[in-house]
Amino acid sequence: MPTVEVSFTPLPAHVRTARLVATAVARRSGVSESLLDEVRLAVGEACSRAVETHVAQCPTEPVRVALSDQEGRFEIEVVNAGKAPAAATSGQPGDGTLMPPGFSLAVIAGLADEVQISETETGTCVKMSWPLTDSLAGDSRASGLPPATGSPD
Amino acid sequence: MALEESVDLKLDTHNKDGIEIVDVEGEIDVYTAPRLRELLIDLVNNGHYQLIVNMEKVEFLDSTGLGVLVGGLKRVRAHDGSLDLVCTQERILKIFRITGLTKVFGIHDTVDEAIGHRKSEK
C-alpha cells in the first residue's frame with residue numbers, strides 16, 4: 001500500500017512537482033539527508049522519461065508515481081503507459097539534446113540503491129528504492145510526530 | 001544582459017575577454033532545459049563559439065540538461081569553438097561523474113579560471 005500516490009498530466013512542468021513531493025515524502029519517511037539529492041534526481045529522471053513516452057503515445061493518460069516505505073526501505077514506483085520508443089530520452093537529431101537511448105535509465109541505475117525495470121501489459125514500471133537509515137522514522141510516524149533527525153540535542 | 005527569467009530558471013549572458021559567459025540560476029530539467037538550448041543555439045548562430053556556462057547557482061540538473069550541454073558543445077566544436085563549465089557544487093558534479101561527462105567537459109572552479117584555461121589552450 002503506497003504511503004503517497006501522485007498522478008499527473010504528462011506535462012514537463014509537473015515533473016518538478018513530482019520531484020518535490022517525492023523528496024518531501026522520502027525525508028518524512030526517514031531517508032538519510034545525504035541520499036535525498038539522489039532520490040530527487042532519480043525520480044525526476046523516471047518522470048521525465050515517462051512524460052516523453054506519454055506525450056508521444058498517450059497524452060491523455062496520467063503518469064503515476066507511488067511512494068512507500070516498508071521493511072526498512074523507501075520505494076518509488078513510476079509507471080508509464082506506452083512503450084518507450086528508441087528515440088525517447090535521446091532527443092531528435094539537430095535539437096541539441098543528443099543523448100543515447102536509455103541514458104536516463106542508466107542515470108537512474110547510478111543513483112538508486114536498487115532498481116527494477118519491468119514491462120507491464122500497458123507500459124513500463126521503474127521501481128527504485130533506498131534504505132531507511134532513520135530507525136526512529138516508523139515510531140515517530142505512528143505517534144504522529146515528525147521523524148527524528150540529527151542528534152538528540 | 002538578462003535574457004530569461006522565471007521561477008525555475010534564470011539565464012543571463014555577458015562577454016568577458018572575448019568569451020561569452022552564460023550565467024545559469026535555478027533548475028535545469030525537462031521543463032526548463034529547452035530555454036537553455038535555445039540560448040546556446042542563438043549564441044552559436046550569432047557567431048559566439050567560445051562559451052563558458054557558469055553553473056554555480058544551478059540547484060538541479062538532470063539528463064535533459066546534460067543533453068542540452070552536450071548539444072551545445074557539439075555545436076561550438078563544429079566551429080572549432082569550446083564550451084567550458086564552472087561548477088563546484090558536489091550535487092551537480094555528481095551527475096557529471098555518474099555519466100562520465102567529466103571527461104568531455106572542462107569543469108572549473110571559477111569563471112576566471114575557465115577563461116585562463118581557455119586562453120592558455122589557444
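Select chain B to begin: 44% of its 122 residues count as buried. The model on screen is a predicted one.

**Chain B as a whole**

With chain B still selected, switch to a cartoon view. Four helices and six strands make up its secondary structure. Followed along the sequence, these elements occur in the order β-β-β-α-β-α-β-α-β-α. Next, display the C-alpha trace of chain B; along the principal axes, its atoms fill a box of roughly 35 × 30 × 25 Å. The radius of gyration of chain B is 13 Å, which agrees with the value near 14 Å that a compact globule of 122 residues would have. A contact map of chain B gives a further view of the fold: of the contacts between residues at least 6 apart in sequence, 65% join residues at least 24 apart.

**The side of chain B that touches chain A**

Now show both chains and select the residues of chain B in contact with chain A. This selection holds 22 residues of chain B, which meet 20 residues of chain A. Which elements give two or more residues to this side of chain B? They are α1 (33-45), α2 (63-77) and α3 (90-99) of chain B. Colour α2(B) separately, since the largest share of this side, nine residues, comes from that helix. Colouring by residue class then divides the side of chain B that touches chain A into nine nonpolar, six polar and seven charged residues.

**The largest nonpolar core**

Turn next to the largest nonpolar core, which has 67 residues. The members that touch the most other members are Ala22(A), Ala42(A), Val43(A), Ala46(A), Cys47(A), Val78(A) and Val53(B). The largest share of this core, nine residues, is supplied by α2(A). Centre the view on Ala46(A) and display its surroundings. Leaving aside residues up to four places away in sequence, Ala46(A) touches Val78(A), Ile108(A), Val126(A) and Met128(A).

**A loop position in chain A**

Finally, select Ser32(A), located in the loop between α1 (13-29) and α2 (33-57) of chain A. Is Ser32(A) buried, exposed or partly exposed? Ser32(A) is partly exposed, because 17 other C-beta atoms lie within 10 Å, a count between the limit of 12 or fewer for exposed and that of 20 or more for buried. Add Pro131(A) to the selection and draw the C-alpha to C-alpha distance: Ser32(A) and Pro131(A) are 8.4 Å apart in space, although 99 residues apart in sequence.

Conventions:
Residues are numbered from 1 along each chain as its sequence is written. Chains are lettered from A and ligands numbered from 1 in the order in which they are written. This is a predicted model: local features need pLDDT of at least 70, side-chain atom pairs count only at pLDDT 80 or more; totals for chains, interfaces and linings use all residues. The radius of gyration is taken over C-alpha atoms; the globule rule is 2.2 Å times the number of residues to the power 0.38. Two residues are in contact if their C-beta atoms, placed from the backbone, lie within 7 Å. Ala, Val, Leu, Ile, Met, Phe, Trp, Tyr, Cys and Pro count as nonpolar, Asp, Glu, Lys and Arg as charged, and the others, Gly among them, as polar. A nonpolar core is a set of buried Ala, Val, Leu, Ile, Met, Phe, Trp, Tyr and Cys residues joined through C-beta atoms within 7 Å.
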